[in-house]
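I opened the model today with two things to look up. One is a single side chain, the other a DNA strand. Notes follow.

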Number of protein chains: 2
Amino acid sequence: MDDIDEQIVSYLSNHGRASFREVGSHVGLSAPATKRRVDRLLDDGVIEGFAALVDPASIGWNTDVFVSIFARGNIPPDRIRTAVAKVPEVIAAYTVTGDADALLHVRVRDTRHLEQTLERIRQEEFVAQTRSLVVLSRLVERGTPV
Amino acid sequence: MDDIDEQIVSYLSNHGRASFREVGSHVGLSAPATKRRVDRLLDDGVIEGFAALVDPASIGWNTDVFVSIFARGNIPPDRIRTAVAKVPEVIAAYTVTGDADALLHVRVRDTRHLEQTLERIRQEEFVAQTRSLVVLSRLVERGTPV
DNA sequence: AGTGAAACCTAGAACCG
DNA sequence: CGGTTCTAGGTTTCACT
């Protein structure tokens, strides 16, 4: 993981479909050399994959909610992970400091869909209480600054 | 935005570097037809771009924090947007219901870097108070379910 | 809207400094 | 590590349906 790797990662974070030649020209390497580095970065897990960035609203997913989870007793993080991984509407989940045990980022189509999703989350035995913060507007969303 | 478009978007969310031929074979279209649809989806803003998904920890960004912003008086969301857009460590920002006015997702290298970033955020005149929730572990992180 | 063909460019492997 | 070369395959435009 040297300086060139960082430049490659940075460039590919913003131009995920750029050709190796294009990436290489930005970091001063030939296309094959760039590809070898990208393959290694993928192998090492630095680059986890490639994705199209989709505007959720334009495909009908209009409601974002942050749900704080208050758990019964001491719950191992992996237990929470496996539980929320089964709910596709949970697009991110974290264990956090503070009064709550976990914070879920939930993305749903509408409030009816939110109700169903919250119901499903609350059915997990370890969930004692939930508190929802509805997102009014998404101001910024981007990747790690690198 | 028909059924095939949804399939294309769904496939590209998980295989951002797949060839048009490969995408087309999954949705029953030729490569040129697939490319035209993807170009249109980009034009229409449904697909905002393509990105490499980077594991932040492997490049030294080890600390995630959620920062609640309590604003002085009534602040228009755009004012908050322009303010936080200038801080690269803010990887996401939302206006939310509840007691806080905005919720920021901050990603930094370490706690020292966090201190600097919080200082910078607090310097905005409209920020009356902040409350930080430090992420202990990232359990799940993925895109819109589509 | 769609397909198929042609020109051009890229990917991926082999080989060499 | 890096570059160069080569072949297979992808991208993109065009004519046509």
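In which helix is the place of A:Ser13? I find A:Ser13 in helix α1 (residues 3-14) of chain A. Helices here are DSSP runs of H or I, at least four residues, numbered from the N terminus.

Ground rules, noted early. This is a predicted model, where local features need pLDDT of at least 70 and side-chain atom pairs count only at pLDDT 80 or more, while totals for chains, interfaces and linings use all residues. Residues are numbered from 1 along each chain as its sequence is written, chains are lettered from A and ligands numbered from 1 in the order written, and side-chain values use heavy atoms, without hydrogens and water.

Back to A:Ser13. I looked up its exposure: the residue is buried, at 17% relative accessible area (buried means under 20%, with a 1.4 Å probe and protein chains only). A polar atom of the A:Ser13 side chain lies 2.5 Å from the backbone oxygen of A:Val9. Leaving out residues up to four places away in sequence, A:Ser13 touches A:Val146, B:Phe50, B:Ala51, B:Ala52 and B:Val54 (contact: heavy atoms within 4.5 Å).

Next, DNA strand D. I count 13 residues around DNA strand D; A:Ser30, A:Ala33, A:Arg36, A:Arg37 and B:Phe20 come nearest. Sugar and phosphate make up 61% of the strand D atoms within 4 Å of the protein.

I then checked phosphate oxygens of DNA strand D. One is 2.6 Å from a side-chain N or O atom of A:Arg37. For a polar backbone atom of B:Phe20, the distance is 2.8 Å.

Definitions and conventions: Near = heavy atom within 4 Å. Polar contact = N/O pair within 3.5 Å; in protein donor to acceptor, adjacent residues only side chain to side chain. Helix = DSSP H or I, 4+ residues; strand = E, 2+ residues; numbered from the N terminus. Buried < 20%, exposed > 50% of the residue type's maximum accessible area, 1.4 Å probe, protein only.
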